[in-house]
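Subject: Structure handover

Hello,

Please find the structure below, with the sequence. My notes on it follow.

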Amino acid sequence: MAKAFLFDIDGVLTDSADISKELVKRFFAFKGKSVGYEDIIPNLGMGMDALCLKTAERVGVEINLEEALSFFKENYSTLLKEKKEIPGASSFIKDARKKGILRAVVSSAPSWRVEENLSSIGLALDDFDLVLTEKDVKRNKPYPDIYIKAMIELGVEKKDTVIFEDSISGIKGGKESGAMVVALTTTLGREKSKLSGADAVLDSFLLFPSFSSSDDLDSALRELSGKGRNAIRYGANWIESLERKAPTKEVMKEAIDKALNAMEHAYSPYSKFNVGAAVLSAGSGRIYSGCNVENASYGATICAERNAITTAITNEGAIGIDLLVVASRCNPPAMPCAVCRQVMSEFIRPDTPIVLVNTMGVIETYKFSELLPHPFDFEAL
Ligand code: THU
């Protein structure tokens, strides 16, 4: 149940993330060195000290940090005047307050800057239960320290906390703290935000579904993160709403053919036991295959099933599997080993068909739950 929201400020509540870039650019220009955004962007989100020092290091210039910081303070308000609120941010925070959700600022910016930003969108420090800024933790983002400190001080658990972030370092640190991370697309854009590891991506707070109870809030967050009503859980992954249907005859035939073909590529000079496997990706409908690859150090051998699964993931990222075929030459056809069954359990659901075939045309079908009724499942997920 969501009990606390932790907000980064720049790029999350105000569209001010690029002020840092602009200030650093202007400061270096003032010092007679022209610096491009490409030298600055990788260092964003870690606080002004790190931003300055890392940029200076990258372009090979020595700077006086004190001088840089007072330059920023003097020029900040002028640049902030041109910036706007991320749509819906202030009313979202006020609504959260009314509904009893705890709110904290978790910013790597100095506190003067947080205050200026908040007041530019009609908020004040006392709209929050807790305000943490750059000097409140020794290690700044991308370390998770600021989020962990906020959760401890608010007295909430990570499973009940949602972090709103926009930068790579913020998203990374947020995820490491174990809480849910919602990425605002302000800084990275939609695609990069999705790839950043955030649990959900939001263009503005206006798009956040309104909630009147904690249950509403939880289902809104689940919908946002693709874990909503229609999504299906495979291990720790959620695959978007798909209508569950058994593989068609054609798909089944294609998967069996691919498993039998892959078996021909088996590298099995030690056991001479060839295995092929094919998996059907629930998201894309594509079929990926693999064979066993042995090694003189026997334990380093990779089974066909795991090879097919890792190939699928290499192509699509974490997937759900709707069908898995194992091909061998023995009769009855070979069963998947226990290690492969455990690996399969991460991507397969209990009712997913596991089809065993051999070169004599024998086909046996099991439900995954018959092969591994009690997989190890990481409870915290
Ligand atoms: N093998 C597989 O490819 N999959 C299994 O599930 C069981 C065993 C391979 C590994 C090794 O190359 C050979 O079969 C004999 O153990």
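The model is predicted, so please read what follows as computed from it.

I start with the charges. The protein has 46 positive and 53 negative charges, and the mean positions of the two sets are 2 Å apart.

Next, the overall build. The protein has 381 residues, and 48% of them are buried. Its secondary structure consists of 14 helices and 13 strands. Along the principal axes, the C-alpha atoms fill a box of roughly 80 × 50 × 35 Å. The accessible surface is about 18600 Å², and carbon and sulfur atoms account for 52% of that area. If one takes the contacts between residues at least 6 apart in sequence, 63% of them join residues at least 24 apart.

One part I looked at in detail is a hairpin. Strand β9 covers residues 276-281 and pairs with β10 in the antiparallel sense, over 5 bridges. Within this pairing, L280 stands opposite I287 of β10. Between the two strands there are 5 residues, and G285 in this hairpin has a positive phi near 80°. Strand β10 itself runs over residues 287-291 and is mostly covered, with 4 of its 5 residues buried.

A helix residue touches this region. E316 belongs to helix α12, which spans residues 304-316. Which residues does E316 contact, leaving aside its neighbours within four places in sequence? They are S281, S284, R286 and Y288. E316 is also 8.9 Å from G283, C-alpha to C-alpha, although 33 residues separate the two in sequence. As for its cover, E316 is partly exposed, at a relative accessible area of 26%; this is because the value falls between the limits of 20% for buried and 50% for exposed.

Last, the cysteines. How many disulfides does the structure hold? The count is 0. C337, for one, is in no disulfide: the nearest cysteine sulfur is that of C340, 3.7 Å away. A disulfide would need the two sulfur atoms within 2.5 Å, so this pair does not qualify. C337 is partly exposed, with a relative accessible area of 30%. C52, by contrast, has a relative accessible area of 0% and is therefore buried.

If you open the model, the hairpin of β9 and β10 and the contacts of E316 with S281, S284, R286 and Y288 can be viewed together.

Regards

Conventions: Residues numbered from 1 in each chain as written. Predicted model: local features only at pLDDT ≥ 70, side-chain atom pairs only at ≥ 80, totals over all residues. Heavy atoms only, no water. Buried < 20%, exposed > 50% of the residue type's maximum accessible area, 1.4 Å probe, protein only. Contact = heavy atoms within 4.5 Å. Areas by Shrake-Rupley, 256 points an atom, 1.4 Å probe, with all protein chains shown as cover. Lys, Arg positive; Asp, Glu negative; His and termini not counted. Charge placed at Lys NZ, Arg CZ, Asp CG, Glu CD. Pairing = 2+ DSSP bridges.
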